[in-house]
Amino acid sequence: MATNRTFTMLKPDAIENGYLGKVLDMIVGAGFEIKAMKYTRLSEDEAKKFYEVHAERPFYGELVEYMTSGPIVAAILEKDNAVADFRALIGATDPAEAEEGTIRKSYAESKAKNAVHGSDSDENAAIEGEFHFNAAEIF
Ligand code: ATP
Ligand code: MG
């Protein structure tokens, strides 16, 4: 996958709190093009695998429980400098530390329930995109 792509999930709190449309509007308004999109719910195995890098962290169990607690929207996004620009758009992990105008500052509930995921590298963007979408689902 090209390095001008990133992967996102609108997390269960964003959907539950009714922010799906507002968050998508911010993403598209910031110049990201939607290459793939799916409304789905992660299984426990999928959530564990997705956040495997955090398996030893104390919040891992809580994170898996939360990420499987309701539907999410998964998407592949395209834009120049996609990974870094999307991380800037979503803001810091903890909304209390996120800058004004970021998605997390506007819509996240807490550090755990923080509304949105963004890939942290081009390599992970490709891995995460392929985790959720096959070639026929990417436009
Ligand atoms: P994400 O990978 O979801 O985009 P991030 O890269 O900003 O978030 P990570 O350090 O990768 O942050 O943490 C992954 C997710 O685990 C966070 O988004 C959050 O939902 C949860 N998390 C991280 N730190 C904590 C914590 N101290 N307590 C509870 N949950 C946490
Ligand atoms: Mg991360």
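Let me begin with Gly118, where a backbone N or O atom lies 3.1 Å from an oxygen atom of ligand 1, a polar contact being a pair of N or O atoms within 3.5 Å. Taken alone, ligand 1 exposes 570 Å², and the protein buries 82% of that, with accessible areas taken from the Shrake-Rupley method with a 1.4 Å probe.

Before going on, I should say that this is a predicted model, in which local features need pLDDT of at least 70 and side-chain atom pairs count only at pLDDT 80 or more, while totals for chains, interfaces and linings use all residues. Residues are numbered from 1 along each chain as its sequence is written, chains are lettered from A and ligands numbered from 1 in the order in which they are written, and side-chain values use heavy atoms, with hydrogens and water left out.

Two arginines also reach ligand 1: an N or O atom in the side chain of Arg87 is 2.9 Å from an oxygen atom of the ligand, and a polar side-chain atom of Arg104 lies 3.1 Å from an oxygen atom of ligand 1. Of the 13 residues around ligand 1, those that come nearest are Lys11, Thr93, Ala112, Asn114 and His117, where a residue counts as near if one of its heavy atoms lies within 4 Å.

Now to the space itself. Which pocket does ligand 1 take up? The space taken by ligand 1 is the largest pocket, and a molecule sits in a pocket if more than half of its atoms lie within 2 Å of its grid points. A pocket, on a 1 Å grid over the protein atoms alone, is an open set of points where a 1.4 Å probe fits, with protein on both sides within 12 Å along at least five of seven lines, and its lining residues have an atom within 4 Å of a point.

The largest pocket has a volume of about 760 Å³. Of the 25 residues that line it, Tyr51, Val53, His54, Leu63 and His117 are the closest to its centre. Helix H7 gives the most to this lining, with four residues.

Finally, a word on the backbone. Ala115, in the loop between helix H6 (103-107) and S4, has a positive phi of about 70° although it is not a glycine.

Conventions. A polar contact is a pair of N or O atoms within 3.5 Å; within protein, one must be able to donate a hydrogen and the other to accept it, and residues adjacent in sequence count only if both atoms are side-chain atoms. Grid points are joined across faces, edges and corners, and a volume is the space filled by probe spheres set on the points. Helices (H or I, at least four residues) and strands (E, at least two) are DSSP runs, numbered from the N terminus.
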